Every structure is written in structure tokens, then in C-alpha cells.
Amino acid sequence: MFRLKLEDAFIQQLSGDTRKWLVNTMTAMLVADGTIGQAEMPALRDALELLETKEEAAALMEKVKNKESIEIVDLKDERNTCAVAFFFLSSIIVMDGRVTKSEAEMFKSVGGKLGFSRDYARQVLEWATDQMKLNKRRNAMIEEAIGLRAQYS
């Protein structure tokens, strides 16, 4: 139906290091609650596609399967790049329709790796949570519309 994905133009302008950082962070956030749910699988596939080689993707998947920790280092990139990536990551954290305490803490930690304060990270997470609620409402309204009788004027 709808899918969250970074624009190709944004991805193309990322350095190799920033891409790897984004992939590692996306993956770490997807497994922060202990599992990757069905709703999160497209994001995992998208993350793996950002890697340059199949070997890198296989190595990352091996870490996921073995529940190994994925290191997230500081990212010192353009502020615009960091901001766009952070908002994208906020949408990933709420993708499965809920935010656990461990996910919220991880998100605030990721904000610190991008040079954002914990307060700013909290504000972004609130925005993402509001978006999640709106998406749930939209989906419920779509379901409701299916049962409505058509009324053309």
C-alpha cells in the first residue's frame, strides 16, 4: 500500500561511510526490541540494498541471525544529511506500530551519534509517534471505506 523509503537522489549523495553508518543504524534499530517483525522486513531489505557488496550484506545478516551487537559510531556529516537520516530513522523505529523503552533509548542514543541532544531526539520521536497514530487512523479509515456504499453525485 504505502512504503517508507529514502529517495534515490538522497542515497546517491551519501558517502560510503555514511551509507554504512545508515545501514548499521537501521539494522540495529530494527533489532532493538529483539525481533524483526513482518512490518519491518521491507526496511531491512532496503538497508541491505544500500551496501556495496553481497558479502557485506551477508555479514550483516549473520550478525542479525546471531543477535550480535551492531556498532553505531558518531556520524559527522552535513547537518542536512544528519537531519534527514534522523527523521527517516524515527519512522523506522515506529514502523511496527509501537515503541518499546529500549527502542526509545536507542533512538536517543542514535541522536547523540548524530550530534543531536536527547531533548531534540525526544521531540523527533514524538513527531514519529504522532505520524504512526495518523497512519493507523488512515489504515482504519481505508478499511471503513471498503465497506461504504458508493455515492456518486
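A charge is taken to sit over an aromatic ring if NZ of Lys or CZ of Arg is within 6 Å of the ring centre and within 35 degrees of the ring normal. The model on display is predicted, and this tour begins with a contact of that kind.

**Stop 1: Arg-79 and Phe-116**

Select Arg-79 together with Phe-116. The charged end of Arg-79 sits over the Phe-116 ring, at 4.5 Å from the ring centre. Phe-116 itself counts as buried, with 15% relative accessibility. Keep Phe-116 selected for the next stop.

**Stop 2: Phe-86 and Phe-116**

The whole structure contains five aromatic pairs. One of them joins Phe-86 to Phe-116 in a stacked arrangement, with 5.2 Å centre to centre and 20° between the planes. Because Phe-86 belongs to helix H5 (residues 79–93) and Phe-116 to the loop between helix H6 (101–113) and helix H7 (118–146), this pair ties together parts that lie 30 residues apart in sequence. Colour by accessibility here: Phe-86 is buried, at a relative accessible area of 0%.

Now extend the selection to Phe-107 and Tyr-120. Ring pairs link these two residues with Phe-86 and Phe-116 into a cluster.

**Stop 3: Phe-87 and Trp-127**

Return to Phe-86, which is buried, and then move along to Phe-87. Phe-87 and Trp-127 make an edge-to-face aromatic pair, 5.1 Å centre to centre, with 70° between the planes. Which helices does this pair bring together? Phe-87 lies in helix H5 and Trp-127 in helix H7, so parts 40 residues apart in sequence are tied together. Are the two partners buried or partly exposed? Phe-87 counts as partly exposed at 28% relative accessibility, and Trp-127 is partly exposed as well, with a relative accessible area of 36%.

**Stop 4: the salt bridges around Glu-105**

Switch the display to charged side chains. Side chains of opposite charge can pair when their charged atoms come close. The structure holds seven salt bridges, and Glu-105 is a convenient place to start. Select Glu-105 and Lys-108: they form a salt bridge whose closest N and O atoms are 3.9 Å apart. Both residues lie in helix H6, three residues apart, or about one turn of the helix. Glu-105 is partly exposed, at 36% relative accessibility. Lys-108, by contrast, has 19% relative accessibility; it counts as buried because the cut-off for that class is under 20%.

Next add Arg-118. The side chains of Glu-105 and Arg-118 meet in a salt bridge of 2.7 Å, N to O. This pair links distant parts of the chain, with Glu-105 in helix H6 and Arg-118 in helix H7, 13 residues apart. Arg-118 counts as partly exposed, at 43% relative accessibility. With all three side chains shown, the view contains a network of salt bridges linking Glu-105, Lys-108 and Arg-118.

**Stop 5: Arg-122 and Glu-126**

Finally, select Arg-122 and Glu-126. Where does this salt bridge lie? Both residues are in helix H7, four residues apart, about one turn of the helix. Their closest N and O atoms are 2.6 Å apart. Arg-122 is partly exposed, with a relative accessible area of 34%, and Glu-126 likewise counts as partly exposed, at 42% relative accessibility.

Note on methods:
Residues numbered from 1 in each chain as written. Predicted model: local features only at pLDDT ≥ 70, side-chain atom pairs only at ≥ 80, totals over all residues. Heavy atoms only, no water. Phe/Tyr/Trp six-rings, centres within 6.5 Å; stacked < 30°, edge-to-face > 60°. Helix = DSSP H or I, 4+ residues; strand = E, 2+ residues; numbered from the N terminus. Buried < 20%, exposed > 50% of the residue type's maximum accessible area, 1.4 Å probe, protein only. Salt bridge = Lys/Arg side-chain N within 4 Å of Asp/Glu carboxyl O.
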